[in-house]
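Open the model in a viewer with the sequence panel visible. The stops below are meant to be selected one after another.

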Amino acid sequence: MASASASAAALEKARQLLEEAAAESLPAEQVDALPSGFYDAFVLCGIRVHAVEPGRLLCHFTVPARLLNSGNFLHGGATASLVDLVGTAVFYTAGAQTRGSPLEMNISYLDAAFSDEEIDIEAKVLRAGKAVGVATVELKKKSGKIIAQARYSKYLGASSKL
């Protein structure tokens, strides 16, 4: 069992990690002033739709430096955002009439993608029911090597007016 001082040090390290990362960004006032929808545009800027067919969407994307982590490869959070955004779009190809709400994302991170690397993002609808949709989203290198593979579930029912 860890000592009380070791536990306190671990808690302090977690706090420090988050606060230092937050301090490296823009001042809170500038971040709060960003328009609604900024994050989606920040992640998607540069995506190119290559193919659209019923139940399938294929996009090309050049990994921008703004989406890299401290290891200089595509950040896992950016990958998750791409899964969410492209996964949402693919449901429209199956006739869904709402953006819905994400229910679950399971992402296997299998390889790294680096700045200026061209990747493909392919989403396929497995099921689009009246209330729930399930899709797969895969990020691949041009060589065919899989960067990330995801299963994405989304609530597709009408939004509540409550």
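The tour goes from a central helix stop to loops, charged pairs, cysteines and a surface patch.

Before starting, note that this is a predicted model, in which local features need pLDDT of at least 70 and side-chain atom pairs count only at pLDDT 80 or more, while totals for chains, interfaces and linings use all residues. Residues are numbered from 1 along each chain as its sequence is written, and side-chain values use heavy atoms, with hydrogens and water left out.

**Helix α4**

Select residues 76-92, which make up helix α4. Helices (H or I, at least four residues) and strands (E, at least two) are DSSP runs, numbered from the N terminus. The expected span of a helix is 1.5 Å times one less than its number of residues. For the 17 residues of α4 that gives 24 Å, and the 25 Å between its end C-alpha atoms agrees.

How much of α4 is buried? Of its 17 residues, 12 are buried, so the helix is largely enclosed by the rest of the structure. Buried means under 20% relative accessible area, exposed means over 50%, and partly exposed is in between (1.4 Å probe, protein chains only). Among the buried residues are A78, L82, L85, V86 and F91. Now show what covers them: the cover includes α3, β2 (56-62), β3 (101-109), β4 (118-128), β5 (132-141) and β6 (146-155).

Stay on α4 and pick S81. S81 is buried, with a relative accessible area of 11%. Leaving aside neighbours within four places in sequence, S81 is in contact (heavy atoms within 4.5 Å) with Y39 and V43.

**G55 and its loop**

Next, select G55, in the loop between β1 (48-53) and β2. G55 has 16% relative accessibility and counts as buried. Apart from neighbours within four places in sequence, G55 is in contact with V90, T93, A94, A123, K124 and V125. Draw a C-alpha to C-alpha distance from G55 to D40: the two are 15 residues apart in sequence and 22 Å apart in space.

**Salt bridges**

A salt bridge here is a side-chain nitrogen of Lys or Arg within 4 Å of a carboxyl oxygen of Asp or Glu. The count by this rule is nine.

Select E122 and R56, which form a salt bridge with their closest N and O atoms 2.5 Å apart. E122 is in strand β4 and R56 in strand β2, so the pair ties together parts that are 66 residues apart in sequence. Both E122 and R56 are buried.

Move to D111 and K141, whose side chains meet in a salt bridge at 4.0 Å, N to O. This pair links the loop between β3 and β4, where D111 lies, with strand β5, where K141 lies; the two parts are 30 residues apart in sequence. D111 is partly exposed at 28% relative accessible area, whereas K141 is buried at 13%.

Then select K142 and D120, a salt bridge whose closest N and O atoms are 2.7 Å apart. K142 sits in the loop between β5 and β6 and D120 in strand β4, so the pair ties together parts that are 22 residues apart in sequence. K142 is partly exposed, with a relative accessible area of 47%, and D120 counts as buried at 18%. Add E117 and K145 to D111 and K141: salt bridges that share partners join these four into one network.

**Cysteines**

How many disulfides does the structure hold? It holds zero, taking a disulfide as a pair of cysteine sulfur atoms within 2.5 Å. Select C45 and C59: the sulfur of C45 is 14 Å from that of C59, its closest cysteine sulfur, too far for a bond. C59 has 3% relative accessibility and counts as buried.

**Two positive phi angles**

Most residues other than glycine have a negative phi. Select N72, in the loop between β2 and α4. N72 is not a glycine, yet has a positive phi of about 65 degrees; N72 is exposed, with a relative accessible area of 51%. D116, in the loop between β3 and β4, also has a positive phi, near 70 degrees. D116 is exposed at 61% relative accessible area.

**Surface patch**

Finally, show the surface of L26, V31, L34, F38 and Y39, a nonpolar patch with about 420 Å² of accessible area together. Patches are made of residues with over 30% relative accessible area and no salt bridge, with like charges joined within 9 Å and nonpolar side chains (Val, Leu, Ile, Met, Phe, Trp, Tyr) within 5 Å. Accessible areas come from the Shrake-Rupley method with a 1.4 Å probe; for residues, only the protein chains shown count as cover. Y39 belongs to helix α3 (residues 38-44) and is partly exposed, with a relative accessible area of 44%.
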